[in-house]
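Biologist: Please take a close look at a single part of this model, and follow its surroundings as far as they lead. I should like one connected account.

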Amino acid sequence: MTHQMEEWMRQLESSVNTLEKLQNYVTVSPGEVRGIKVAEEEGVRWGTTPYFASLMDPKDPDCPIRRQIVPSVLEQENRYGVENYLEWKENRLTDEHRPDCIARQYHDRIAFLVTDVCAMYCRHCFRKELVVVRGLRFRFDIEEGLQWIRDHEEIRDVLVTGGDPFVLSDDKIEYLIAQLREIPHVQMIRFGTRTPIVLPQRITPALKKILSGNHRVPIWLNTHCNHPKEITEETARAVYDLLTCGINVGNQAVLLKGINDDPETFKALHQKLISVRIRPYYLFYCEPAPGIDHFRTPVEKGAELIRDAIRGHTTGLAQPMYVVATRIGKIMLMPYYSYVEKSDNEYTLRNYKGEITTLPNIPE
Ligand SMILES: *Cc1c(COP(=O)(O)O)cnc(C)c1O
Ligand code: SF4
C-alpha cells in the first residue's frame, strides 16, 4: 500500500519535462527541439508522467500522444484565439464578485479550481493561460472557495477541477470532500481529473478508502482521454477501482485535428472507453483559447464524426454529447441530421444509413 502511494508521487516528481528526459523515450525531431526551446524561453510549462511518456511512439513525431505532450512552435501563432481568454470566458471582469477559485456560468453549479498543477500539461489545454503559460495568477484558496459555497444556497453541484485536483494529497482531498458534504445545500461533488489516463497509479487503496461509501452527497468523476492509445490495463484497473467506490467515471474528450478527427480513430476511441467502463460524456470543440489554433477543426467536424462513426454504427452508450464551452455556458453542436421534414400530420426522419421513416405529428 505504501509502495503504491509512493509510486504516484514518484511519477509526479520524475516528470518528463526536459529535452534530455524526453530523449530517454523518443527520438526527438528538430521541430520538437524548436518547440521545446521556445516553450522554455517563454517559461511555459510542459511535461508528463514517465508512465504516460512511455506510451509515445518513439519514432513518430506525429504520434497522437506525443503531440499532446511535446510543445510546438505553432503555439506562438494566434489567429483565432481570444487574448485573456479565461477572464473573458469565465466573465471574471464583469460579473458578481467571486473568489478567484470559483468559476460560475450557471445558477445551480460552479467549477471550483483547487490547484494549477497537473500531472500532464496538455498542449491543447483551454486553461493554458492559467495552467501552462501562467500569465494569469490565481489564488487557489480552498477556504475562501468553501466559504463562498456555504454562503450561496443555490449551489447544489460542485465541480472540483484545476489544474488536476488529484495531484493534491490524500489529506487535502479527504478534507475537501468532508467540508463539501457538510454543506446542506450541496447535493453532489464532481471531480475533473486526467489522472486515470496520465497517472492511473494515483488511484491507490488509500485514496479509494477516502472516495468510497454510500453517502448523501455522491461523487462523480470525469476524466480526459482523446485517443485509444491512451487507454491501458492500468487505466482499466484505476477505473474499475473508482467504480467499486461507487464513483461513475465519464470522459470529456477534446476534438483535436490530426489526433482524433478521423472516423476510424474516433470510433475506436469511444469503443475503447466503453470497454474499460468509461462512459463518454462530452466531446468538446477546441475552444478559441490562444495558442491552440493548430489543434482546431471546423465546427461541423464533431457532429459529422458522431453521424458517420458512432450513432447507429456502434453501441449507443459510446456516444458523447458534442458541445462547445462558451462564456454563456456549454452549447450543443448537434444539428438535426436526422430531421428531414415536418408536415401537418407527420415528421420525416433519416437514420444513419440514409433510410427514411415517419413519426406522427401530435398536436399539443
Ligand atoms: C463545465 C462547467 C460546469 C458543468 O457543466 P455541466 O454541463 O453540468 O457538466 C459548471 N460550471 C462551469 C463554470 C463549467 O465550466
Ligand atoms: S490535465 Fe486538464 S487542466 Fe491540466 S493541462 Fe491537461 S487539459 Fe489542462
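Modeller: In this predicted model, a suitable place to begin is the pairing of strand β4 (residues 188-192) with strand β5 (residues 219-223), which run parallel and are joined by four bridges. Within this pair, R190 faces W220 of β5. As general background, strands of a sheet pair through backbone hydrogen bonds, either parallel or antiparallel.

The pair belongs to an open sheet of nine strands, ordered β1-β2-β3-β4-β5-β6-β7-β8-β9, in which the pairing is mixed. β1 (102-104) and β9 (329-332) are the edges of this sheet; each has a single partner strand, so one side of each remains without a neighbour in the sheet. On average, and with direction ignored, neighbouring strands of the nine-stranded sheet are turned by 30 degrees against each other.

R190 leads from the sheet to a ligand. Besides standing opposite W220, R190 is one of the residues around ligand 1. The others in that list are A103, Q105, Y106, R109, I110, A111, L159, Y281, Y282 and K330. Both edge strands are represented there: A103 lies in β1 and K330 in β9. L159, also around ligand 1, falls within β3 (157-161).

Three side chains in this group have an N or O atom at a stated distance from an oxygen atom of ligand 1. For Y281 the distance is 2.6 Å. For R109 the distance is 2.7 Å, and for K330, on the edge strand β9, the distance is 3.2 Å. Each of these values can be read against the cut-off for a polar contact, a pair of N or O atoms within 3.5 Å.

Strand β3 also leads towards the second ligand. The loop between β3 (157-161) and α9 (170-181) contains G163, and a cis peptide bond with omega of about 10 degrees joins G162 to G163. G163 is itself among the residues around ligand 2, together with C118, M120, Y121, C122, C125, V131, R194 and H224. By class, the shell around ligand 2 comprises six nonpolar residues, two polar and one charged. Ligand 2 sits in the largest pocket.

A further sheet completes the account of the strands. It is open and holds three strands in the order β10-β11-β12, with antiparallel pairing. Its edge strands, β10 (339-342) and β12 (356-360), each pair on one side only. Neighbouring strands in this sheet are turned by 25 degrees against each other on average, direction ignored.

Within this sheet, β10 and β11 are antiparallel and share three bridges, with Y339 having L349 of β11 as its bridge partner. The hairpin that joins β10 to β11 passes through three residues. Strand β11 (residues 346-350) and β12 are also antiparallel, and five bridges join them; here T348 is placed opposite T358 of β12. Five residues lie between the strands in the hairpin of β11 and β12, where G354 has a positive phi near 90 degrees.

One other backbone feature deserves mention. N84, a residue other than glycine, has a positive phi near 50 degrees. N84 is located in the loop between α5 (64-69) and α6 (85-89).

Methods:
Residues are numbered from 1 along each chain as its sequence is written. Chains are lettered from A and ligands numbered from 1 in the order in which they are written. This is a predicted model: local features need pLDDT of at least 70, side-chain atom pairs count only at pLDDT 80 or more; totals for chains, interfaces and linings use all residues. Side-chain values use heavy atoms; hydrogens and water are left out. A residue is near a molecule or strand if one of its heavy atoms lies within 4 Å of it. On a 1 Å grid over the protein atoms alone, a cavity is a set of points where a 1.4 Å probe fits but cannot get out, and a pocket is an open set with protein on both sides within 12 Å along at least five of seven lines; lining residues have an atom within 4 Å of a point. A molecule sits in a cavity or pocket if more than half of its atoms lie within 2 Å of its grid points. Ala, Val, Leu, Ile, Met, Phe, Trp, Tyr, Cys and Pro count as nonpolar, Asp, Glu, Lys and Arg as charged, and the others, Gly among them, as polar. Two strands pair if DSSP finds at least two bridges between them. Helices (H or I, at least four residues) and strands (E, at least two) are DSSP runs, numbered from the N terminus. Axes are lines fitted to C-alpha atoms, for helices over the stretch in contact, and angles run from 0 to 180 degrees between N-to-C directions. A polar contact is a pair of N or O atoms within 3.5 Å; within protein, one must be able to donate a hydrogen and the other to accept it, and residues adjacent in sequence count only if both atoms are side-chain atoms.
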